Amino acid sequence: MLNADKPALVLAPMEGVTDAPMRAVQGDAGAFTYAVTEFLRVSHAVPPRHVFRDHVPELDTDAKTLTGLPVQVQLLGGDANLMAESAVRAHELGATAVDINFGCPAPTVNRHDGGAALLRHPKRIREIVTAIRAALPRTVPVSAKLRLGWDGIDAIHENATMAAEGGASWITIHGRTRVAGYAPPIHWEPIGKVRERLGLPVVANGDIWTIDDFRRCRDATGCRHFMLGRGALADPRLAHRVAAELGLRQLSENAPPDVPFDWLAQLRALVEWSRRFDMMRSNKNVSRLKQWLRLAAQFGSFTRFDAVKRADNVEDLFAALEVPN
């Protein structure tokens, strides 16, 4: 998983987006060091074994995608005991590392004592991390995903300290508050200050859309570990460029930037992996393909969204992309 002495590039957990088929596609691309799963909610009871396996099918393949990408299981919840028991179950089923979500800004999650709601209760962050750390073998890393705070960026210092005191192996910090959601601006500098003060590996996250954004984030934080989410989907070549900057791979392995990206092949791969995971429902799949392309049109260089946005099924969407510009 994450090695403090080596750079890392992490695929971010994004609910409804970076599921098992998407993790397999991204693993096949070969740029990421590991992926963090979408959060598994722990509310009133430890999730049953079949829920873990449905949510993280990689548990049956040595906690790796079938394309070879290591996967870390992420849990979300506010009850320390249930979270610890859930972490144990995840490990028993095959998890090799556990992440704790203290960053999700979704109102429905926050109203039910999960995600970023815990940022208002620093000692509970320490309690949850401590409980999970104590319940698992020392060989199983436990990490925490945080935002800068609920409504102020300075809260990150106490919250990060609590996660570290609880025994977190590393922390990932998204450079916004919960109140800010995903609105600008991004604040990378506090991430660097936490890294310097704690001496703990820190993964920097948030608003890395281009290679220049990555360089600015690296300069502002001093980090060696980075997490890409929406930016990696908006520009599928971004992860390769960042990986090359980190010394994780050679950029020459990829197509030159003046060659158009083969979106059709990428989307077909996602549909094929959805079939393999028995997740092939036409309406859902065409929606998620359009979601991906909308992101690429808004933040990347995809220029053909108008041609696909009215497609009612996967076949029509593919047919629209096959028509030359």
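## Overall build

The chain folds into 14 helices and nine strands. Its radius of gyration is 19 Å, close to the 20 Å that the globule rule gives for 325 residues, so the chain is as compact as a globular protein of that length. Keep in mind that this is a predicted model. Along its principal axes, the C-alpha trace spans about 60 × 45 × 35 Å.

How much of the chain is buried? Of the 325 residues, 55% are buried. Contacts also reach far along the sequence. Take the contacts with a separation of 6 or more: 70% of them join residues 24 or more positions apart.

## Surface and charge

The chain exposes about 14100 Å². Carbon and sulfur atoms supply 49% of that area.

Now the charges. The chain has 40 positive and 37 negative charges. How far apart are their mean positions? The two mean positions lie 2 Å apart.

## Two parallel strand pairs

Start with strand β7, residues 170–177. Eight of its eight residues are buried. Its partner is strand β6, which covers residues 142–149. Six bridges join β6 to β7, and the two run parallel. One position to find on the model is S143, which stands opposite W170 in β7.

Next comes strand β5, residues 98–102. Five of its five residues are buried. In a regular strand the side chains alternate between the two faces of the sheet. Which residues of β5 lie on each side? V98, I100 and F102 are on one side, while D99 and N101 are on the other. Both faces are covered, and each of these residues is buried. Strand β4, residues 71–76, is joined to β5 by three bridges. This pair runs parallel. Here Q74 stands opposite D99 in β5.

## A mostly covered helix

Helix α1 spans residues 20–29. Eight of its ten residues are buried. Which ones? They are A20, P21, M22, R23, A24, V25, Q26 and G27. An α-helix has 3.6 residues a turn, so residues three or four places apart point the same way.

What follows α1? Next is G30, and its phi is positive, near 85°.

## Backbone details in the loops

Look at P184 and P185. A cis peptide bond joins them, with omega about 5°. P185 sits in the loop between β7 and α7, a helix at 189–198.

Two aspartates also deserve a look. D62 has a positive phi of about 60°, although it is not a glycine. D62 lies in the loop between α2 (49–55) and β4. Is D62 buried or exposed? The cut-off for exposed is over 50% relative accessible area. D62 has 65% relative accessibility, so it counts as exposed. D113 has a positive phi of about 60° too, and it is not a glycine. The loop that holds D113 runs between α4 (107–111) and α5 (122–135). Partly exposed lies between the 20% and 50% cut-offs. At 32% relative accessibility, D113 therefore counts as partly exposed.

## Far apart in sequence

Strand β9, residues 225–228, contains L228. Buried means under 20% relative accessible area. L228 has 1% relative accessibility, so it counts as buried. What does L228 touch, leaving aside residues up to four places away in sequence? Its contacts are L9, V10, L11, A12, F32, I208, L238, A239 and V242. Now compare sequence with space. L228 and Y34 are 194 residues apart along the chain, and their C-alpha atoms are separated by 11 Å.

N3 gives another example. N3 is found in the segment before β1, a strand at 8–11. Its relative accessibility is 34%, so N3 counts as partly exposed. How far is N3 from I208 in space? Their C-alpha atoms are 22 Å apart, with their positions 205 residues apart in sequence.

Terms used
Residues are numbered from 1 along each chain as its sequence is written. This is a predicted model: local features need pLDDT of at least 70, side-chain atom pairs count only at pLDDT 80 or more; totals for chains, interfaces and linings use all residues. Side-chain values use heavy atoms; hydrogens and water are left out. Helices (H or I, at least four residues) and strands (E, at least two) are DSSP runs, numbered from the N terminus. The radius of gyration is taken over C-alpha atoms; the globule rule is 2.2 Å times the number of residues to the power 0.38. Buried means under 20% relative accessible area, exposed over 50%, partly exposed in between (1.4 Å probe, protein chains only). Contact means heavy atoms within 4.5 Å. Accessible areas come from the Shrake-Rupley method with a 1.4 Å probe; for residues, only the protein chains shown count as cover. Lys and Arg count as positive and Asp and Glu as negative; His and the chain ends are not counted. The place of a charge is taken as NZ of Lys, CZ of Arg, CG of Asp or CD of Glu. Two strands pair if DSSP finds at least two bridges between them.
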